[in-house]
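Hi everyone, thanks for making time. Could you bring the structure up on the screen before I start talking?

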Amino acid sequence: MTSAIGAIAIDAHDPSLVARFWAAALGWEVVESSPELVGIAPPGGGAGIDVIAVPEPKTVKNRLHLDLRADGSTQAAEVERLLALGARRADVGQGPDVSWVVLADPEGNEFCVLSRSVQDVAAEEGGTA
């Protein structure tokens, strides 16, 4: 028997702000909402993200982060879309020659946008996205 991820938890000073960002970034929907927790998930269900209220601001680099792939777009276009949603560029010591772009959500939680799109990966694997 194995475990399955039920949700990924993100601490936030303003759970609504962070959940709205991630819902827009991923094309997900709010499935639970209270002042203490906002849950988002894919439209068809499945593991989601719970954004949980905490009193303190984020102060150090995340030890766990999400890696995103563009869906139907390029890395550059996806980065611009995410910046327009409220992300900002982040420096976690990645250096100038990496193939990914590091961004942070509105409260500073880092994530990466990978260079290959969902469609590129599927084509390389011989499938469809």
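**Pockets and core**

Strand 1 contributes more to the lining of the largest pocket than any other element, with 5 residues. Keep in mind as we go that this is a predicted model.

Let's stay with that pocket for a moment. It holds about 350 Å³ of space. Its lining has 20 residues, and A9, I10, D11, N62 and N109 are the ones nearest the centre. Strand 1 and strand 8 are the elements that each give two or more residues to that lining. By class, the lining splits into 10 nonpolar, 5 polar and 5 charged residues.

The second largest pocket comes in at about 190 Å³. Among the residues lining it are A25, L26, D67, R69 and R81. Its lining has 5 nonpolar and 5 charged residues, but no polar ones.

Now, helix 1. The end C-alpha atoms of its 12 residues are 16 Å apart, which agrees with the 16 Å expected at 1.5 Å a residue. Which residues of helix 1 are buried? They are P15, V18, A19, F21, W22, A23 and A25. Those buried residues pack against several elements, including strand 1, strand 3, strand 4 and helix 2. Right after the helix comes G27, with a positive phi near 70 degrees.

That leads us to the largest nonpolar core. Of its 20 residues, F21, W22, L82, L103 and F111 touch the most other members. Helix 1 supplies the largest share of this core, 6 residues. Another core, of 5 residues, lies apart from it and includes A90, V102, A104 and L114.

That's my tour, thanks for listening!

Note on methods:
Residues numbered from 1 in each chain as written. Predicted model: local features only at pLDDT ≥ 70, side-chain atom pairs only at ≥ 80, totals over all residues. Heavy atoms only, no water. Helix = DSSP H or I, 4+ residues; strand = E, 2+ residues; numbered from the N terminus. Expected span 1.5 Å × (residues − 1). Buried < 20%, exposed > 50% of the residue type's maximum accessible area, 1.4 Å probe, protein only. Contact = heavy atoms within 4.5 Å. Core = buried A, V, L, I, M, F, W, Y, C linked by side-chain atoms within 4.5 Å. 1 Å grid on protein atoms, 1.4 Å probe; cavity = no way out; pocket = protein on both sides within 12 Å on 5 of 7 lines; lining within 4 Å. Points joined across faces, edges and corners; volume = space filled by probe spheres on them. Nonpolar A, V, L, I, M, F, W, Y, C, P; charged D, E, K, R; others polar.
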